[in-house]
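Trainee: Could you walk me through this structure and explain where the labels come from?
Mentor: Gladly; let's take it step by step.

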Amino acid sequence: MHISDGILPLPLWLGGYGITTLLTGYSLRVGQRGSRFMPESDPRRQLPKASLLTAAFFVASSIHLPIPPASVHFLLNGLVGSLLGPLAYPAIVVGLFFQVVAFGHGGLTTLGINAAIMGIPAWLAGGLFRIGRRVLGTGMAAFWAGVVGAGLAVLLFYGVVIAGLSGSPLLATEAERLTTGTLVLAHIPVIVLEGLFTSWVLLFLQRVQPDLLADSLPQPSWATTNPQSTPVEPALSPSGYGKG
């Protein structure tokens, strides 16, 4: 699921950097100002959660599952998108950078296109979780968010690789094209496992730490703080009675 250096032509990986620059800037701007998909406007409150999920995304790529004919690994982009919303994109960029440096997964020239392949589905998965949670409940909405996040990432990976290698001597035969398609099919069990894992994690967080999911739902107008309706404690005299 990581495209390495030297596979894609120059215009394609430069375009990936352009897309990632625009989407990262937009995500950080939304993180500062807030939006209907991210009611929390204080970015400092998001930093611990973003750091934890970036670390989880980074570690997930090192957990390989031997599914013939390939070895695949978890993505967790659906989980990251469900919990971080728009901030999922910069979190994935940071995680991918450290995966390149530490594990050699992907490449520096393809960092932008790899971020787009995993970050855009994370955004869509986060939106699906927020909308679907009211209708389907947390568990089912989280399951489909995990499936959509991983599934779209696999499809984008296949599309970008085929587009980048079309006409290249690296993919000259139908046998090689079939090999790439088989690698995509090998991810189907991972897509289902991503949905189950995302559902389990978000149901667990809803039970033990529901505040982490509070930002996932837009707050109704009556739930916003109204200073006039806030009860005011009477000022007490040293004897314990109010002045009046």
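## From values to labels

Mentor: Let's begin with Asn 114, which touches Met 1, His 2, Ile 3, Leu 96, Gly 106 and Gly 107, leaving aside residues up to four places away in sequence. Asn 114 sits in helix 5 (residues 111-136). Please keep in mind that this is a predicted model.

Trainee: Why is Asn 114 called buried?

Mentor: The relative accessible area of Asn 114 is 2%. Buried means under 20%, so Asn 114 earns the label.

Trainee: What makes Ala 122 count as buried?

Mentor: Ala 122 is also placed in helix 5. Its relative accessibility is 0%, and the limit is under 20%, so Ala 122 counts as buried. As for neighbours, Ala 122 touches Asn 77, Gly 81, Ala 88 and Ile 92, again not counting residues up to four places away in sequence. With Ala 88, the C-alpha to C-alpha distance is 6.6 Å, while the two are 34 residues apart in sequence.

Trainee: Why is helix 3 described as largely enclosed by the rest of the structure?

Mentor: Helix 3 covers residues 77-84, and 8 of its 8 residues are buried, so the description follows. The buried residues are Asn 77, Gly 78, Leu 79, Val 80, Gly 81, Ser 82, Leu 83 and Leu 84. Just after helix 3 comes Gly 85, with a positive phi of about 65°.

Trainee: What is notable about the phi of Leu 76?

Mentor: Leu 76 has a positive phi of about 65° although it is not a glycine. You will find Leu 76 in the loop between strand 2 and helix 3. Its relative accessible area is 8%; with buried set at under 20%, Leu 76 is therefore buried.

Trainee: What makes helix 3 oblique to helix 6?

Mentor: Helix 3 and helix 6 (residues 138-165) pack with their axes 7 Å apart, at an angle of about 125°. Roughly perpendicular runs from 65 to 115 degrees and roughly antiparallel starts over 145, so an angle falling in neither range makes helix 3 oblique to helix 6. The crossing of helix 3 past helix 6 is right-handed.

Trainee: Which residues make the contact between helix 3 and helix 6?

Mentor: From helix 3 they are Asn 77, Gly 78 and Ser 82. From helix 6 they are Ala 145, Gly 146, Gly 149, Ala 150 and Ala 153.

Trainee: Let's turn to the aromatic rings. How many aromatic pairs are there?

Mentor: The count comes to 9 aromatic pairs, taking ring centres within 6.5 Å. For Phe 74 and Phe 197, the ring centres are 6.4 Å apart and the planes are at 35°, so the pair is tilted. Stacked would need planes under 30 degrees apart and edge-to-face over 60. This pair links distant parts of the chain, 123 residues apart: Phe 74 is in the loop between strand 2 (70-73) and helix 3, and Phe 197 is in helix 8 (residues 188-208).

Trainee: How do you know whether Phe 74 is buried or exposed?

Mentor: Phe 74 has 18% relative accessibility, and under 20% is the mark for buried, so Phe 74 counts as buried. Phe 197 has 33%; partly exposed lies between under 20% and over 50%, so Phe 197 counts as partly exposed. Ring pairs also link Phe 74, Phe 197, Trp 200 and Phe 204 into a cluster.

Trainee: Why is Thr 24 called buried?

Mentor: Thr 24 is in helix 1 (residues 10-33). Its relative accessibility is 17%, and buried means under 20%, so Thr 24 counts as buried. The side chain of Thr 24 reaches the backbone oxygen of Thr 20 at 2.7 Å. Thr 24 also touches Tyr 89, Pro 90 and Val 93, not counting residues up to four places away in sequence.

Trainee: And the chain as a whole: how many helices and strands are there?

Mentor: The protein chain has 9 helices and 2 strands. Of its 244 residues, 45% count as buried. Among contacts between residues at least 6 apart in sequence, 75% join residues at least 24 apart.

Methods
Residues are numbered from 1 along each chain as its sequence is written. This is a predicted model: local features need pLDDT of at least 70, side-chain atom pairs count only at pLDDT 80 or more; totals for chains, interfaces and linings use all residues. Side-chain values use heavy atoms; hydrogens and water are left out. Buried means under 20% relative accessible area, exposed over 50%, partly exposed in between (1.4 Å probe, protein chains only). Helices (H or I, at least four residues) and strands (E, at least two) are DSSP runs, numbered from the N terminus. Rings of Phe, Tyr and Trp (its six-membered ring) pair if their centres lie within 6.5 Å; planes under 30 degrees apart count as stacked, over 60 as edge-to-face and the rest as tilted. A polar contact is a pair of N or O atoms within 3.5 Å; within protein, one must be able to donate a hydrogen and the other to accept it, and residues adjacent in sequence count only if both atoms are side-chain atoms. Contact means heavy atoms within 4.5 Å. Axes are lines fitted to C-alpha atoms, for helices over the stretch in contact, and angles run from 0 to 180 degrees between N-to-C directions. Angles under 35 degrees count as roughly parallel, over 145 as roughly antiparallel, 65 to 115 as roughly perpendicular and the rest as oblique. A crossing is left-handed if the near helix is turned anticlockwise from the far one by less than a right angle, and right-handed if clockwise.
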